[in-house]
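Open your viewer and keep the selection panel handy. We will go from stop to stop, with something to select at each one.

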2 protein chains.
Amino acid sequence: MSEARQYHHGDLHAAILERATRVIEQEGIEALSLRGIARDLGVSHAAPNRHFRTKADLLSTLARVGWEQITEATLRAAEEVLPNDAHHRLNAMGQGFLKWALKNRSMFAAVTHPDVERHADAELRQAIDEFQQSVRDAVVACQQAGRLSNLDPAIATLYTNSVPFGLAMSLKNPLFGTDLSDRDIDELVADLIELVVPTAEPDS
Amino acid sequence: MSEARQYHHGDLHAAILERATRVIEQEGIEALSLRGIARDLGVSHAAPNRHFRTKADLLSTLARVGWEQITEATLRAAEEVLPNDAHHRLNAMGQGFLKWALKNRSMFAAVTHPDVERHADAELRQAIDEFQQSVRDAVVACQQAGRLSNLDPAIATLYTNSVPFGLAMSLKNPLFGTDLSDRDIDELVADLIELVVPTAEPDS
DNA sequence: AGAGTTTTGTTGACACCGTCTACATTGGCA
DNA sequence: TGCCAATGTAGACGGTGTCAACAAAACTCT
């Protein structure tokens, strides 16, 4: 009952997603193809169609999973930080995001893939909104605690949201040959996010 | 001698680039195809091959042009700003970048396209390096003028470089439904970049 | 338990794409 | 003027996404 090929795969849906992330990791997101995945999984070329009607659908699902992981990773980072005041929490969220992006390159690639924004379905939108909302909450808490309080929350959120995003894109792009390879990742991340959300008391 | 189809197009190379940016603008970068462009230009399907051996080659060229435009736009912004001290220059560069990205969406899409980083040729790398260097120069000048002077220049450059990048990605992505549509673009850009490179004197 | 229905996978087809090769036309240069 | 390199064409190949028709298994209901 083990290696005999069965007509029904068992859980092809999950297998496709898993294989897709592997392919992206190893060969880049441009090499992703439904037929290729089907081949790798030993299943007919049209089988994935039952689970993802279009390729954009697969990308979209990957992106949704990615955003859910982002939300989870940032919120967990926020809870674990000490001291657990508003500024340290927001700072930790930034660090959590950046570390996640550097560790999960294939998912981050899916999240930022240009094809995704066209065919985004409701679930993906909701996953994004959820994350945005959590950032917004943290920003507002930060403002109430005194820092950045003169800013429009929408702008502060956009800023806080975008900066780790841009940092992740730059760090992962080999063309931006910023030579920081000798640095400790955690320290680098901490230094960078400190520029965005300072935890140190401002000089007086 | 005007509308009669000639065997030789005249300047197919430039025509392809121009048509490509139009397609990206109107149908998205995922809809870009060499055959489609050839069709639009009334030329045989393999004609573009003479000018761009592969599709990645076309993307790469678009990206290079994009980076050249970025360098030009940021440096011009830096020269035009008043007062023309180091901080205002760096701030103006950030604003210049962001405005360029919002105005030239198709080029920005090419610059950030995932396929580009794989098959980047020497020219593209040089164009990127040139921009990075100009940012680095501006950052160092800024540090010498007193602000941010305790930072590793590599980190400061990475930060200054990445932030407008992330902001541009967020602002252009319709999924990040940051509702800022009622705002004046110039004012929004100014407010955002002020968070990155403050021109106002720090509170004392 | 067994029949009917829904889900899942297969096969084959279609149109499109990128890219290669062989050939045709042209423009420029010796 | 005649040759050659540059440019465009025609055709082919393998690859891809996606659809429709069919087959097998799983599920459901009595």
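The tour below visits the two DNA strands, the interface between the protein chains, and two serines.

Before you click, note that this is a predicted model, in which local features need pLDDT of at least 70, side-chain atom pairs count only at pLDDT 80 or more, and totals for chains, interfaces and linings use all residues. Residues are numbered from 1 along each chain as its sequence is written, chains are lettered from A and ligands numbered from 1 in the order in which they are written, and side-chain values use heavy atoms, with hydrogens and water left out.

**Stop 1: DNA strand C**

Select DNA strand C and the residues near it (a heavy atom within 4 Å of the strand). You should find 25 residues, and the closest are Ser44(A), Arg50(A), His51(A), Arg35(B) and Arg39(B). Of the strand C atoms that come within 4 Å of the protein, sugar and phosphate account for 48%.

Now zoom in on some polar atom pairs; a polar contact is a pair of N or O atoms within 3.5 Å, and within protein one must be able to donate a hydrogen and the other to accept it, with residues adjacent in sequence counting only if both atoms are side-chain atoms. At Ser44(A), a backbone N or O atom sits 2.5 Å from a phosphate oxygen of strand C. Arg50(A) places a polar side-chain atom 2.3 Å from a base oxygen of strand C. On the other chain, a polar side-chain atom of Ser33(B) is 3.3 Å from a phosphate oxygen of strand C.

Next, pick helix α2 (residues 34–40) of chain B, which supplies the largest share of the surface near strand C, three residues. Helices here are DSSP runs (H or I, at least four residues), numbered from the N terminus.

**Stop 2: DNA strand D**

Switch to DNA strand D, which 25 residues surround, the closest being Arg35(A), Arg39(A), Ser44(B), Arg50(B) and His51(B). Select Arg50(A) again: one of its polar side-chain atoms lies 3.3 Å from a base nitrogen of strand D. For the phosphates, try Leu34(A), with a backbone N or O atom 3.0 Å from a phosphate oxygen of strand D, and Lys55(A), with a polar backbone atom 2.7 Å from one. Helix α2 (residues 34–40) of chain A gives the most to this surface, with three residues.

**Stop 3: where the chains meet**

Colour by chain and select the contacts (heavy atoms within 4.5 Å): 46 residues of chain B touch 45 residues of chain A. The two chains bury about 3,900 Å² between them, 68% of it on carbon and sulfur atoms; this is the accessible area (1.4 Å probe) lost on putting the two parts together, summed over both.

How many salt bridges (a side-chain nitrogen of Lys or Arg within 4 Å of a carboxyl oxygen of Asp or Glu) cross the interface of chain B and chain A? The rule finds six. One to display is Lys172(A) with Glu117(B), at 3.6 Å, N to O. On the chain B side, α1 (12–27), α6 (122–144), α7 and α8 each supply at least two residues, and α7(B) gives the most, with 13 residues.

**Stop 4: two serines of chain B**

Is Ser134(B) buried (under 20% relative accessible area) or exposed (over 50%; 1.4 Å probe, protein chains only)? Ser134(B), in helix α6 of chain B, is buried at 13%. Leaving aside neighbours within four places in sequence, Ser134(B) is in contact with Leu75(B) and Met93(B).

Finish at Ser181(B), in the loop between α7 (153–172) and α8 (185–196) of chain B. Ser181(B) is exposed, with a relative accessible area of 66%. Measure across to Pro153(B) in your viewer: the two are 28 residues apart in sequence and 35 Å apart in space, C-alpha to C-alpha.
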